[in-house]
Amino acid sequence: MDVRIQVPKKAALVRFVMHPWGRAFLIAFIALNTVGLLTFTYFYVKYARLIEQKLAAGPFTNTSLLLSAPRLVSLGDEFTPDEIALQLRRSGYSESRNSSRMGWYNVRQDAIEIFPGADSYFREEEGVVKFNRSKVSQIISLRDNTERTQMLLEPELITNLFDRNREKRRLVRFEDIPPVLVRAVVSAEDKRFFQHSGFDPLRVIKAAYVDLKEQRHAEGASTLTMQVARMFWLNPAKTWKRKAAEVLITLHLEQRLSKEQIFEYYANQIDLGRRGSFAIRGFGEAVQAFFGKDIRHLTAAEAATLAGLAQRPSYTNPVRWPERARVRRNVVLGLMRENGYLSDREYSEAAASPLTVTRSGSESTDAPYFVDLVNDSLSDQFQEHDFQSHSYRVYTTLDLNLQRAASEAVRIGMKEVDEQIRRRFRKMANPPEAQVALVALDPQTGDVKALIGGRDYGRSQLNRVLAKRQPGSAFKPFVYAAALNTALSGGRVLTPATLLLDEPTSFVYDDDRTYTPSNFKDHFYGPVTMRQALMKSLNIPTVKLAEMAGYRSVAELARRAGLNMEIRGTPAVALGAYEVTPLEIAGAYTMFANRGIVSKPHWIKLIRATNGGSLYESQVERRPVLDPRVDYLMVSMMQDVMRAGTAAGVRSRGFVLPAAGKTGTSHDGWFAGFTSKLLCIIWVGFDDNRELGLEGAKSALPIWTEFMKRAHQFREYRSVRDFEPPDGIVTVDIDPATGQLATPNCPSARPEFFISGTQPFEFCGLHGGGGTQVAGWETPEQTPARVAVSTFPANGNQPQPQYRNGSETPAAAPEQPSPREEAKKNKKGFFGRLKDIFR
């Protein structure tokens, strides 16, 4: 009988262990497991601490908020409740009571209730705005139930990050995220997210199969939790170390957080591409940037569009690549149908719907150059404060309505410039592209209301508002102001009626240096008044005025107005040869728009610290530079520049409100102009300082006009006032050919303004003045009836002068007989007329 002895497995194991090789293997196995366990424990604890630290501090960086100026709502304004709700959402308000510290609102059929929160700019009472036929009909304060005529809406968020990454984010809570968006995201990214424990084995197997089949990395297997681990705690480098760390962090997140918390972190951190110059982080900001609505109101198609962005945000950006975004959206909709989130009918309707993206998220409201200006100021003036890691709220002066108007005006105006440049460089396949700068401010306060530093921030971050360029004739008002100052400083008195000879002239300065300017297209007009010289922007008379007033006086006035210290007292200063920035010109021009008082430009209104305390509050910096009477004469002459001078195109393009301004042409094109409510400076030129070849009237003026027409449609800027004369201004009829008092025989008589005591006392000798006749200014009743004399009382009410053309407006300058024609009609020679004028 064959008997086999069965050796127990345990005995075999014992013999293996007793063998030297077996003992070595066992020791190594135990050691490796121990080391592995210790290593796993070490790194798990390490990453657990990092996770806990970040979660304790808050996973999202507490960077500063940059906000616009508040918006005014008044009785009679054309608004609907939904439009105000949109404005409030942009400002950080929500529809639910406790979901935003900024505030919340409640929309009713014919009203909207507004409740500012703890972080509100105003910290004032709640209010109700009622509507009737799309107009504001009633504003009620809920604090005491009293009616108001106006209400300020919360400043709108411009950007909430200070660093140069230029990221924007609006935090949302999981409760605020609509189920349709949650379903779209899990369908596109991780359909078993709410079932697995951080890892999806089925998806790993499927991804491996697809990759082998396609012979490439065709499908990922990362869950939402793994993506959160990467976004918050790991760098983008794809290494085995990072993958191991990702696993450990994922394990801890699943133990530490609920699925709803993990999804909320994902929803607020995911990169969803760019809009304008800013990167978009999270669905809260993406909804505003792409659809301009509250996240609660997303449709299935919109939710699928956002969920589809997560895979390739730049490639499927709905602004730049709408067709790609539509295709990807429909893929996500199909996945939602497969997962049972959409019926066949719902899928068909959503897939067939057009992809509509709002225009409100464009760079016009980003104001990227303005943001850079604010950032630079914060860095320079508040170096001891960390704006990147603390939740400061920086309230700026920016008016987003005006910023949008500026963006659109630049877009329209630069099309005209491009067409003219293409004609000039028609032989070039790729003609150069001109650049632009625009700065608009409140002349009374210096608040910068709109600012554009270039055509495309994405292509060039150079802020041309701060770039120094020659202003050309836009500088001339400072020359004329210095000349008119002679009425107060003594010496030879220069007035708007002073005659200047426009002819080729060389000017000697510094003993032996010569300056020989010319006029535009070498046209010369002979004798002209100061007013006519400014209207036509004549160079020779302007330099002569600077010489009479003193080159140093011109430079000193410009520097007192806020222009840089590099401006020197030479003949070239009269024609704007020294470089200035558009922002400097804007600040200096406030002098003309503000009765001789300069308001220093500023763009930061208020800074609040994390605890709500005030860190900084700006004060308006104003200083008198010009006498109000001199300023009024300047404004009067600059109004004529628009009426019939080089800026007459403003009126022909449809801007009819009381305004004054000056064109400028150097290598570049300039226009500087203002109303009583708003001042705007435009610069157009090439970055390499080559010749633009377009006058300011053909390059900068159209942009200025388009902007001002749009800007003055807003309530804050509608009530434009006439420029009223101060006490001490008189008006008389003069003959521009002589600058003397007009007689009934003067064919081109017109009213002229003077500082009291500087008006002419002789009647026109060219047209039968008959010797010296002096008008009695202290006793107006003694003035001959044929001379119109008016003095302006202290109350500032200006009598309307009657012009000899039979109307209440002077005849346009081009229709006046030229001084040369007048001279031919007179038997006296030129020197004879000068003798009559100056005797």
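**Notebook: rings and a helix pair**

I looked first at Arg-337, and in this predicted model Arg-337 lies over the face of Tyr-347, at 4.0 Å from the ring centre.

I then asked which helices these residues belong to, and found Arg-337 on the helix 11 side and Tyr-347 on the helix 12 side of a contact that also includes Arg-329, Asn-330, Leu-333 and Gly-334 of helix 11 and Asp-344, Ala-350 and Ala-351 of helix 12. By class I noted 4 nonpolar, 2 polar and 3 charged residues in this contact. The axes of helix 11 (residues 322-338) and helix 12 (residues 344-352) come within 10 Å and cross at roughly 175°; angles over 145 degrees count as roughly antiparallel, and helix 11 and helix 12 are therefore roughly antiparallel to each other.

I looked up another arginine over a ring: Arg-324 lies over the face of Trp-321, at 3.9 Å from the ring centre.

Next I turned to ring pairs, of which a search of the whole structure finds 18. Among them is the tilted pair of Tyr-121 and Tyr-395, with 4.5 Å centre to centre and 55° between the planes. Tyr-121 lies in the loop between strand 4 and strand 5 and Tyr-395 in strand 13, so this pair ties together parts that are 274 residues apart in sequence. Both tyrosines are buried.

I also recorded Phe-671 and Trp-704, an edge-to-face pair at 5.0 Å centre to centre with 70° between the planes. Phe-671 is in strand 25 and Trp-704 in helix 24, 33 residues apart. Phe-671 is buried at 0% relative accessible area, and Trp-704 also counts as buried, at 0%.

Last, I noted a cluster in which ring pairs link Phe-174, Phe-193, Phe-194, Phe-263, Tyr-266 and Phe-283.

Notes. Residues are numbered from 1 along each chain as its sequence is written. This is a predicted model: local features need pLDDT of at least 70, side-chain atom pairs count only at pLDDT 80 or more; totals for chains, interfaces and linings use all residues. Side-chain values use heavy atoms; hydrogens and water are left out. Axes are lines fitted to C-alpha atoms, for helices over the stretch in contact, and angles run from 0 to 180 degrees between N-to-C directions. Helices (H or I, at least four residues) and strands (E, at least two) are DSSP runs, numbered from the N terminus. Angles under 35 degrees count as roughly parallel, over 145 as roughly antiparallel, 65 to 115 as roughly perpendicular and the rest as oblique. Contact means heavy atoms within 4.5 Å. Ala, Val, Leu, Ile, Met, Phe, Trp, Tyr, Cys and Pro count as nonpolar, Asp, Glu, Lys and Arg as charged, and the others, Gly among them, as polar. Rings of Phe, Tyr and Trp (its six-membered ring) pair if their centres lie within 6.5 Å; planes under 30 degrees apart count as stacked, over 60 as edge-to-face and the rest as tilted. Buried means under 20% relative accessible area, exposed over 50%, partly exposed in between (1.4 Å probe, protein chains only). A charge sits over a ring if NZ of Lys or CZ of Arg is within 6 Å of the ring centre and within 35 degrees of the ring normal.
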